[in-house]
Amino acid sequence: MGRAYQNRKESMAKTAAAKTKVYSKYGREIYMCAKSGGIDPQANLTLRGLIDRAKKDQVPSHVIEKAIDKAKGGGGEDYSPARYEGYGPGNCMVIVDCLTDNPNRTFGDVRLAFTKTKCKIGTPGAVAHMFDHCAIFAFTGQDEEAVLEALMEADVDVTDIENEDGRITVFTPNTEYAKAKQALEAAFEGIEFDVDEIQFLPKTTTPVEGDDVAMFEKFLDMLNELDDVQNVYHNAEVND
């Protein structure tokens with residue numbers, strides 16, 4: 001699982017420059033999270049994790065505060081989640097998560113990214129079964145047994161724990177996110193998470209090689225430039 005996670009992180013790093021609208025994407029997600037789960041980060045753990053990630057990605061505090069203020073007012077846009085699945089260059093599997101106020105527009109934009117790069121958008125569930133929907137927490141530590149014990153005592157369903165170079169990474173089903181985070185914070189005072197997020201991790205990888213590499217980069221760039229796209233998950237292992 002860790003290898004698949006690392007492959008995804010490295011691939012995402014390559015396309016980070018294409019995420020020119022990262023502020024608005026975080027603002028939209030924070031707004032929706034605060035609107036649905038409450039504006040208090042201490043009570044809404046998902047919001048707290050999202051704010052922490054935004055700060056690590058150097059999103060200015062005024063962007064975060066504006067999104068929360070908008071949610072507090074109760075008005076503003078009404079976004080809904082949309083998920084699209086399909087096959088990218090080299091026949092890799094792709095999941096595209098969006099927040100949209102116009103599903104028809106969003107579907108058209110995402111479909112265009114697929115068709116322009118000779119890819120195929122599929123039906124819901126086409127590839128999701130080949131991914132694990134995980135909550136991931138990574139932090140500095142050595143004692144994975146103590147971590148596992150704390151999670152088991154809190155009745156958290158743990159998928160995997162890795163301990164590498166003084167860094168512990170915990171994987172749980174996405175539905176266990178809040179319970180796992182609370183258990184870790186209760187057991188280890190002052191814990192600071194390097195990674196605190198929910199994402200899709202591929203169960204297998206697909207090599208993307210030759211001419212497909214440039215097409216794959218173009219495909220990701222097109223998706224990441226769309227305002228409505230929040231996250232792109234894939235199982236590609238790019239071989240330059």
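**Exercise 1.** In this predicted model, find the partner of Asp 194 in a salt bridge and place both residues in the fold.

*Solution.* Start with the contact. Asp 194 pairs with Arg 167, and their closest N and O atoms are 3.6 Å apart. That passes the cut-off, since a salt bridge needs the nitrogen within 4 Å of the carboxyl oxygen. Next, the elements. Asp 194 belongs to strand S7 (residues 193-202), Arg 167 to strand S6 (residues 167-173), so the bridge ties together parts 27 residues apart in sequence. Last, the exposure. Asp 194 has a relative accessible area of 42% and is partly exposed. Arg 167, at 32%, is partly exposed.

**Exercise 2.** Decide for Asp 97 and for Arg 83 whether the residue is buried or partly exposed, then describe their salt bridge.

*Solution.* Take the cut-off: buried means under 20% relative accessible area. Asp 97 has 14%, so Asp 97 is buried. Arg 83 has 39% and is partly exposed. Now the bridge. The closest N and O atoms of the two residues lie 2.6 Å apart. The pair links strand S2 (residues 93-100), which holds Asp 97, to strand S1 (residues 80-87), which holds Arg 83; the two residues are 14 apart.

**Exercise 3.** Which residues are linked with Arg 105 in a network of salt bridges?

*Solution.* Begin with one pair. Arg 105 and Asp 101 meet at 2.9 Å, N to O. Arg 105 is partly exposed at 34%, and Asp 101 is partly exposed at 43%. Then extend. The network joins Arg 28, Asp 101, Arg 105 and Asp 228. The model's salt bridges number 9.

Terms used
Residues are numbered from 1 along each chain as its sequence is written. This is a predicted model: local features need pLDDT of at least 70, side-chain atom pairs count only at pLDDT 80 or more; totals for chains, interfaces and linings use all residues. Side-chain values use heavy atoms; hydrogens and water are left out. A salt bridge is a side-chain nitrogen of Lys or Arg within 4 Å of a carboxyl oxygen of Asp or Glu. Helices (H or I, at least four residues) and strands (E, at least two) are DSSP runs, numbered from the N terminus. Buried means under 20% relative accessible area, exposed over 50%, partly exposed in between (1.4 Å probe, protein chains only).
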